[in-house]
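Colleague: Thanks for making time today. Could you walk me through the model and explain how each term earns its place?

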Amino acid sequence: MRRNVLIAAAIVLLFLMPFGLDTLRLRVAIEILYFGLFAVSFNLLFGYSGMLSFGFASTFGVGGYAVGLIWKHLGAVPLPLAVVMGALAGAAVGLVIGFFCVRLRGTYFSLLTLAFSQFLFAVALKWRDVTRGDDGLTVTPPDLTLPGGLVLHMGNALHFYWLALTIVLISLWLAWRFIRTPLGNAALLMRENDERAAFLGYNVFGTKLIVFTFASTLAAVAGALFASFQRLVSPGALDLQTGTEVVFMALFGGTGAFLGPFLGTAAYILLQNWLAKTTEHWPFVIGFLFVVMILFMHTGLVGLFGRGGPVQRLLRLNRTPAEEPR
Amino acid sequence: MFGLSVYATQALHGMVYGMLLFLVSSGLTLVFGMMGILNIAHAAFYMLGAYLAYTTVAATGSFWLSLLVAPIVVGLLGAAVERGLLRRIHRYGHAYELLLTFGLFYMMAEAVRWIWGNYTLEVPTPALLSGSIPLLGSQYPVYRLFILAFSALICLAMATVLLRTRVGIIIRSAVADGEMVSALGINTPLVALGVFSVGAALAAIAGVIAAPFLQADPAMGAAILVDSFVVVVVGGFGSLLGALLASLMIGELQSFGILWFPAFAMVFQFLLMAAVLVLRPQGLFGEKG
Amino acid sequence: MTTPALELRDIHHDFSGLQVLTGVNLAVAPGERHAIIGPNGAGKSTLFNIISGRLRPRQGRVLYGEHDITGAPPHRIARLGVGRSFQIINTFPRLTVYQSVRSAVVSRRGMRLDAWRLLDGLDDVARETTEVLNLLELTDRRDTPANALSYGEQRELEIALTVAVRPELILLDEPTAGLNAEETHKAIGLIRRVSERKTLVMVEHDMDVVFTLADRISVLHYGKMLASGPPDEIRHNAEVQRAYLGTKHSVAGADRAAG
């Protein structure tokens, strides 16, 4: 019970937070929201199911292009509905990609996901008639009229923040619930020992495919929010850079905890913004930190303070040898 | 449409790039076959070789010296990476090894940008090999023929070592079945270290000889990265013969792809890699499972 | 006999030309406890892998009751009611004993793809999981991750996972491998308990276990079925003695175990 009160309080705080922030910082907060969702959905695949995808930007980009095309060709579809449609597009693409990739394991899986994302990148780049190629597709979300008359202006950072926050919270709740269902448990089995799971009666291919599709769908939601906020989506949303950034973000925070990747995203974005002001060589610092992190704290920031992590070990607070998947 | 000489020239181009690709991919495929790690940083070794060539030439004027300097420096770097870093995180599993090599690639690519700047650097063709000779109806650069000849020479040397020497047999066995080799009392970690370092050195040599041809630019690592993955997948992890054939195939594919379907040239190798992964994951000559 | 619970017809298998099984025939009656013995390399594990769907035989058929399960995918064979344990511990390293067994129970109840109900809130699943843990005497280790268990406890978890899916046919691959005398004794009691009214096929090296538990024994030697019959028959079979049981000492040992 007490935990639910804390969560409710945190949510209220998140809604009230923008009143203390200037527009610039608010924009950063919005970025953290959708990239955080992107990283959490990546972790459904990696941390929970043991599948390392290097092409996870595929459905992120699909979500972005989907809403852009919806508003371009179908007119003023309310944002929530457009996002749902974008999510469905992401689900469809995720299903197809997953169908081919999920039967492979380890590095083979990672490489094929990479191949698909590069292929989609090439399509986005070359199919100028639809995607406007390198120039990018303009995304024009219509203002949202809520029941009761209140209008949320998409150009207003505050309004967009609240809308994005709502959508992200709902998505996170869906993911959180998913983890705690038998299917979510099956995902853990896939990671720990998919062969044994098969001998217990689990259809490994089917299970992995569903998880892959679900994660891809959430990534598409994140991509839809990204495109709606930036008001532009370009092939860059699908490329290697985006696909690897999400890996960085998830790992920084820690793949062993549900919200770990969210924390990692916040840390990554804030760090990157600060570094970019300090030195022009900030990508090197990021890369260096990533390597150091894998070497010395591969369980991420959460691992640093969580069970079994260096901080606890230093303070001799824990005794269990195993790493929990929670 | 196109004359025969154009086709022939394109074919030659393809072979040149293919051989370069092979030099880079050979180390990559052996390391994967032996250690189960796809070393993403391998492409950075190649890039480093090119940049070291630039600096050596700029400092001493001798291209041939860089053929010595680069592989030694990069080989040592490779050894440090394998012994100091990869081995340390081996217990976390293959995913983290892959992630580490990826982080290293990223870091090294940015380090190159930092040290040498974010623009293309020209490495002059050595005087001995400059100019062109009449071949196949047009003028063909001597240097590219050199690339072809030199890589073929290295290829031959590799084949000899692997097929005829004791070290070679050990390496081939370790690639095929590391556990068995270790059970026979052979120092597998040392073999792994050796293969990793030599692979890195080979990538650096490829970088050196590629430099006068492709120039040293900050994106060259990423450019060869994907192609080398495709080679390793298509050829089969652990198979040098597979890597050779796949490299030549990719080289020709790119060469003619640019000629016939310029808009889609970049997708071909991905389609090929995807097709292989879906239909025959072990590649042409790799081991199943 | 009536339809055998498990029947192997003319099984042949080879690995890249190396012949491992030749013309193996086997029939196990429902409710029978059947042990397969044979020296190392005789092909016992391969046979198990073929029965449980891990391998498809080059030739021959595997029949489970009325179903032809030759080369069927493991998950389908498992759902038909076949449970198998592994010779080398094959559990879910970071999941606790409770979580592991619960996963098996979820499968048995057909809830594998339930993506809406919360697993922790399913009381009947929890109850059934606790039942299995009690049966295997693993209750006090329920919150321990599998990779933190002692070897003996891991073996018990192996069996727990195998029986939690309530199989009609239980396949145990060297269930007492590496256990000391006390642990083996405990394991024998455990195996007897869990295989009551079920069909059990067991690969074993420990002759004490074999002659204590088995209703019938089959002897595999260089990929061929040498003999098959009740323990007494096998013990006194000259060919078997020559090939496997070897010296008078082992025969005496077998006598002691049975007597």
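Colleague: Which residue of β9(C) is the bridge partner of A35(C)?

Modeller: In β9(C), that partner is I217(C). Before we go on, this is a predicted model, in which local features need pLDDT of at least 70, side-chain atom pairs count only at pLDDT 80 or more, and totals for chains, interfaces and linings use all residues. Residues are numbered from 1 along each chain as its sequence is written, while chains are lettered from A and ligands numbered from 1 in the order in which they are written.

Colleague: What makes β3 and β9 of chain C a pair?

Modeller: Two strands pair if DSSP finds at least two bridges between them. Strand β3 (residues 33-37) and strand β9 (residues 216-221) of chain C are joined by four bridges and run parallel, so they qualify as a pair. Strands here are DSSP runs of E, at least two residues long, and helices are runs of H or I with at least four, both numbered from the N terminus.

Colleague: Why do β6 and β10 of chain C stand at the edges of the sheet?

Modeller: The open sheet has six strands in the order β6-β7-β8-β3-β9-β10 (chain C), with mixed pairing. β6 (82-84) and β10 (224-229) of chain C each have a single partner strand, so one side of each lacks a neighbour in the sheet.

Colleague: Why is chain C called as compact as a globular protein of its length?

Modeller: The globule rule is 2.2 Å times the number of residues to the power 0.38, and the radius of gyration is taken over C-alpha atoms. For 259 residues the rule gives 18 Å, and chain C comes close with 19 Å, so the description fits. Also, 46% of the residues of chain C count as buried, meaning that 20 or more other C-beta atoms, placed from the backbone, lie within 10 Å of a residue's own.

Colleague: And what makes residues of chains C and A count as in contact?

Modeller: Their C-beta atoms, placed from the backbone, must lie within 7 Å. By that test, 31 residues of chain C are in contact with 22 residues of chain A. Elements giving two or more residues to this side of chain C are α2 (74-80) and α3 (97-108) of chain C.

Colleague: How many residues does chain B bring to its contact with chain A?

Modeller: Chain B brings 29 residues and chain A 26 residues. α4(B) gives the most to the side of chain B that touches chain A, with 13 residues.

Note on methods:
Two residues are in contact if their C-beta atoms, placed from the backbone, lie within 7 Å. A residue is buried if 20 or more other C-beta atoms lie within 10 Å of its own, exposed if 12 or fewer, and partly exposed in between; C-beta atoms are placed from the backbone.
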